[in-house]
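Trainee: Could you take me through this model, giving the general idea of each feature before the case at hand?

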Amino acid sequence: MPIWNPRIETMPRVDLEQLQLERLQATVNRIWESVPFYRRRFEKLGLMPEHIRSLDDLRLLPFTVKEDLRTGYPYDLFAVPLREVVRIHASSGTTGPPTVGGYTKNDLRHWRELAARVLSAGGVTKDDVIQISFSYGLLTDAFGFHQGAEEIGASVIPVSAGAPEQQIGIMQDFRTTALVGTPSYALRMAETLGDKAVPRSSLHLRWGILGSAPWPESVRKRIEDLLGICATDNYSISEVMGPGVSGECAEQKSGLHINEDHLLCEIVDPGSGEVLPAGESGELVITTLTKEAFPIIRYRTGDLTSLSLEPCPCGRTLARMARVFNRTDDIVIVGGVKMSPSQIEDVICQMEGVEPHYRVIVDRAGGVDTVEVQVEVSAALLTGDVRHLLSTQNLLRERLEAALGLTPEVKLVEAATLDTDEPRCKRIVDRRRTEGGGLQERE
Ligand SMILES: [Zn+2]
């Protein structure tokens with residue numbers, strides 16, 4: 001399978017690290033000169049740009065957190081005047097000020113290149129017809145992949161999000177070969193094919209480039225089987241750049257290759273902030289190496305993963321990050337017990353007749369924490385034998401109890417009623433935090 005930029009993607013690591021160091025020093029110099037927010041932070045630590053002499057010196061630099069971006073809303077952390085910014089994106093900002101990212105012409109050029117690498121790694125070539133089913137708007141997903149696909153020379157269909165039936169119609173008519181979107185949405189489409197008895201042979205799909213939400217291997221297998229495609233995972237974060245950060249290669253699907261020539265990644269202990277060695281799990285921290293408009297230093301992503309520096313059999317030497325299943329702020333403590341979305345997902349994915357679309361509501365009643373797991377089930381199960389429905393509900397409760405160490409309420413709901421197809425949708429809604437606790441929900 002072709003590699004989009006073999007010179008960089010297969011570069012010996014010693015050369016890559018030299019390139020990273022030069023770019024890190026340039027970035028640190030630039031923010032020292034142009035971003036008062038960073039200048040103040042550096043001065044407080046007695047730090048000067050010339051103190052960064054090796055990649056290890058990265059740990060001398062302060063972290064940047066989401067709150068910093070919100071405080072600097074909208075443009076305080078930009079390193080260039082607005083007249084040099086040619087594109088502005090932002091997070092949805094449903095629970096607080098959005099975080100805003102700006103791009104210069106050069107930034108857009110780099111972003112296109114990195115998105116092209118991720119698409120190529122997932123199998124896309126100029127011969128593909130690619131359907132982008134992310135919403136076009138302030139979020140980065142749709143535009144990022146759109147530009148990357150055009151860079152490759154694929155034929156882009158900017159269909160945006162919408163009813164699965166409409167997407168399938170376009171897929172058939174336009175002979176789509178690659179689907180870009182969230183895994184949840186791809187699964188929704190695959191299920192719609194079955195419901196509407198659309199033959200798989202009426203589609204030309206080969207590739208699924210899916211991301212922006214955690215999805216377990218069992219869901220990957222289901223999407224691949226139902227749609228007859230090769231589905232790869234990719235990672236994006238709008239505060240850093242959007243899609244193009246990292247993606248799996250279709251050959252191996254074992255870790256996401258990080259575009260390390262533009263992004264320097266570390267794993268830190270989420271509690272102490274201490275840097276952890278390769279192979280250990282912790283919070284992903286990213287430093288941009290080439291961004292002109294909105295460079296960001298040691299950004300705490302909140303995503304939990306690990307890094308591998310082993311060369312991949314696909315030929316790429318770029319480090320790989322493990323797939324992200326949990327975020328530091330997704331792990332909630334209920335009655336003294338830690339609970340994460342991936343634990344719940346593992347149980348749900350192994351249940352017959354139950355869809356991997358779910359939401360968890362954590363609340364407090366009479367001083368006691370409560371957990372309700374809402375899960376979509378097939379229409380056949382909901383309208384069929386009541387005893388079967390009840391036994392499914394009981395079995396699910398028992399299995400969740402065994403996995404979590406607490407007893408949840410289980411509510412079975414009709415398919416396609418939980419709104420879980422959005423990028424970065426919230427699986428665990430913690431109502432204890434919003435009522436009086438003063439903490440905000442995560443976007
Ligand atoms: Zn690989």
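Mentor: What follows goes from single residues to a sheet and then to helix packing. This is a predicted model, in which local features need pLDDT of at least 70 and side-chain atom pairs count only at pLDDT 80 or more, while totals for chains, interfaces and linings use all residues. Residues are numbered from 1 along each chain as its sequence is written, and side-chain values use heavy atoms, with hydrogens and water left out.

Trainee: Is Q131 buried or exposed, and which residues does Q131 touch?

Mentor: Buried means under 20% relative accessible area, exposed over 50%, and partly exposed in between, with a 1.4 Å probe and protein chains only. Q131 has a relative accessible area of 0% and is therefore buried. Q131 lies in strand β3, residues 129-132, where strands (E, at least two residues) and helices (H or I, at least four) are DSSP runs numbered from the N terminus. Contact means heavy atoms within 4.5 Å; not counting residues up to four places away in sequence, Q131 touches I157, V159, Q167, I170, M171, T176, A178, L179 and V180.

Trainee: Which backbone features should I look at in the loops?

Mentor: Look at omega and phi. A cis peptide bond, with omega about -10°, joins Y73 and P74, and P74 is found in the loop between α4 (66-71) and β1 (87-90). Two residues other than glycine have positive phi: S160, near 65°, and R175, at about 50°. S160 lies in the loop between β4 (155-157) and α7 (164-173) and is buried, because its relative accessible area is 18%. R175 is found in the loop between α7 and β5 (178-181), and with a relative accessible area of 53% R175 is exposed.

Trainee: What is the order of the strands in the open sheet of four strands?

Mentor: Strands of a sheet pair through backbone hydrogen bonds, either parallel or antiparallel. Two strands count as paired if DSSP finds at least two bridges between them. Here the order is β10-β11-β12-β15, with antiparallel pairing. The edge strands, each pairing on one side only, are β10 (263-268) and β15 (326-327). Between β10 and the antiparallel strand β11 (residues 282-288) there are six bridges, and the bridge partner of C265 in β11 is I286.

Trainee: At what angle do α8 and α9 pack?

Mentor: Axes are lines fitted to C-alpha atoms, for helices over the stretch in contact, and angles run from 0 to 180 degrees between N-to-C directions. Helix α8 (residues 183-195) and helix α9 (residues 217-227) pack at about 40°, with their axes 9 Å apart. Angles under 35 degrees count as roughly parallel, over 145 as roughly antiparallel, 65 to 115 as roughly perpendicular and the rest as oblique, so α8 and α9 are oblique to each other. The contact is made by P183, A186, L187, A190, E191 and L193 of α8 together with V219, R222, I223, L226 and L227 of α9. By class, this contact has nine nonpolar, no polar and two charged residues, where Ala, Val, Leu, Ile, Met, Phe, Trp, Tyr, Cys and Pro count as nonpolar, Asp, Glu, Lys and Arg as charged, and the others, Gly among them, as polar.

Trainee: Which residues of α10 and α12 meet?

Mentor: Q343, I344, V347 and I348 in α10 meet L396, R399, L400, A403 and L404 in α12. These residues divide into seven nonpolar, one polar and one charged.
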